[in-house]
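Please look over the sequence and the structure shown below before reading on. The report that follows takes the nucleic acid contacts and then the arrangement of the protein.

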Amino acid sequence: MRGSCVEWERTLGGKRPQELERAVRGARVARVGRRGKFIILDLERRGREAGCVVVHLRMTGRLSVEPERSEPGPWMRVALRLDKGEELRFVDVRKFGRLVPASRPADVHGELGPEPLEARFSADWLYEALRGRRRMLKPLLLDQRFLAGLGNIYVDEALHAARLHPLRRSDGISRAKATLLHAVIRQTLAEAIEREGSSFDSFYRTPEGRPGSYQHQFQVYGRTGRPCRSCGRAVVRIVVSQRGTHLCTRCQPRPRARRVRILPPS
DNA sequence: AGCTACTCCTGGTAGC
DNA sequence: TGCTACCAGGAGTAGC
């Protein structure tokens, strides 16, 4: 790479433009990988490892390779100048995305849970991991340290498919339910990938600019007030740990309220 | 340990 | 029509 151009410094997640410049100038991208929601560009110089650039698109971020001379548009935050007059552009309307130079990916993303589509994520692992925590299912499944890669949409869809209420506590889940949840998480993600993601507004696009089509498969997400596709009852929206959460109260019955002993006045 | 509240941002939209 | 106020989202942080 020939260098970098930073239009919005906070995209660098605390690093300075000079650090990005030093990281990429004269380096080549040896491979492009992914861990959870992070995209990882491994860099090398003269055949030797030379750190990485870690990208998180958050909601509205996009990466694309464009001719350097083309119009970057108002939302370009960072560009990495490639050979042959091209550049890798990070475009992000809402400025939540990150593009960070680092020695190792973990310096940016920290500890992450298993990949849902890899073998380490097994039904047995999920059952034991759920039992080992005492958290509500929704925030637990959104926690990237627990499981890497699920976001708000796919947690709501997976919990509906597993007929589990988002407020259910993780340590009360039966082995059968954990096995079902494991299967539907994989199925939900695999199908969403197959359909190139969910595009419910103009921001979400593939790198080629096409919208995904998984939004047409939504069972509950964004369907507040509309009938559940399984049973017909109106989908409900609640807020759980600051996240909009969609569910069917018939298909996903509320957790049994724990019995509270009322103490007599002393 | 695990919860809530707050922050970062801006385009879209609901309500007037 | 044009204005304002609020909402959506992932993840980091602070406080309890």
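## DNA strand C

In this predicted model, an N or O atom in the side chain of Arg 243 lies 2.8 Å from a base nitrogen of DNA strand C, a polar contact in the sense of a pair of N or O atoms within 3.5 Å, where pairs within protein must also join an atom able to donate a hydrogen to one able to accept it, and residues adjacent in sequence count only if both atoms are side-chain atoms. Phosphate oxygens of DNA strand C are approached too: one is 3.0 Å from a backbone N or O atom of Asn 152, and one is 3.5 Å from an N or O atom in the side chain of Gln 144.

In total, 13 residues surround DNA strand C, the closest being His 56, Met 59, Tyr 221, Arg 237 and Arg 243, where a residue is near a strand if one of its heavy atoms lies within 4 Å of it. Of the atoms of DNA strand C that come within 4 Å of the protein, 58% belong to sugar and phosphate. The surface near this strand comprises 3 nonpolar, 5 polar and 5 charged residues, with Ala, Val, Leu, Ile, Met, Phe, Trp, Tyr, Cys and Pro counted as nonpolar, Asp, Glu, Lys and Arg as charged, and the others, Gly among them, as polar.

## DNA strand B

DNA strand B is surrounded by 15 residues, of which Arg 10, Lys 95, Arg 134, Arg 135 and Met 136 are the closest. Sugar or phosphate supplies 71% of the strand B atoms within 4 Å of the protein, and bases supply the rest. By class, the residues of the surface near DNA strand B are 6 nonpolar, 3 polar and 6 charged.

Two arginines reach phosphate oxygens of DNA strand B through polar side-chain atoms, Arg 10 at 2.6 Å and Arg 135 at 3.1 Å. For Arg 94, an N or O atom in the side chain is instead 3.3 Å from a base oxygen of DNA strand B.

## Domains and their interface

Chain A is divided into domain 1 (5–109) and domain 2 (123–247), with bounds that come from an automatic or database domain assignment. Their C-alpha centres lie 29 Å apart, and the contact (heavy atoms within 4.5 Å) takes 9 residues from domain 1 and 11 residues from domain 2.

Between them the two domains bury about 770 Å², 57% of it on carbon and sulfur atoms; this buried area is the accessible area (1.4 Å probe) lost on putting two parts together, summed over both. Lys 37, Met 59 and Arg 62 supply 53% of the area that domain 1 buries against domain 2, more than any other three residues. Across this interface there are 0 salt bridges, defined as a side-chain nitrogen of Lys or Arg within 4 Å of a carboxyl oxygen of Asp or Glu, and 1 residue pair is in polar contact, with both residues at pLDDT 80 or more.

## Confidence and conventions

The mean pLDDT (the predictor's confidence in each residue, from 0 to 100) of chain A is 90, and 94% of its residues reach 70 or more. Over residues 259–266 pLDDT stays under 50, and the model has 0 contacts beyond four places in sequence for them. Where pLDDT is low, predicted coordinates should not be read in detail.

Residues are numbered from 1 along each chain as its sequence is written, while chains are lettered from A and ligands numbered from 1 in the order in which they are written. Local features need pLDDT of at least 70 and side-chain atom pairs count only at pLDDT 80 or more, whereas totals for chains, interfaces and linings use all residues, and side-chain values use heavy atoms, with hydrogens and water left out.
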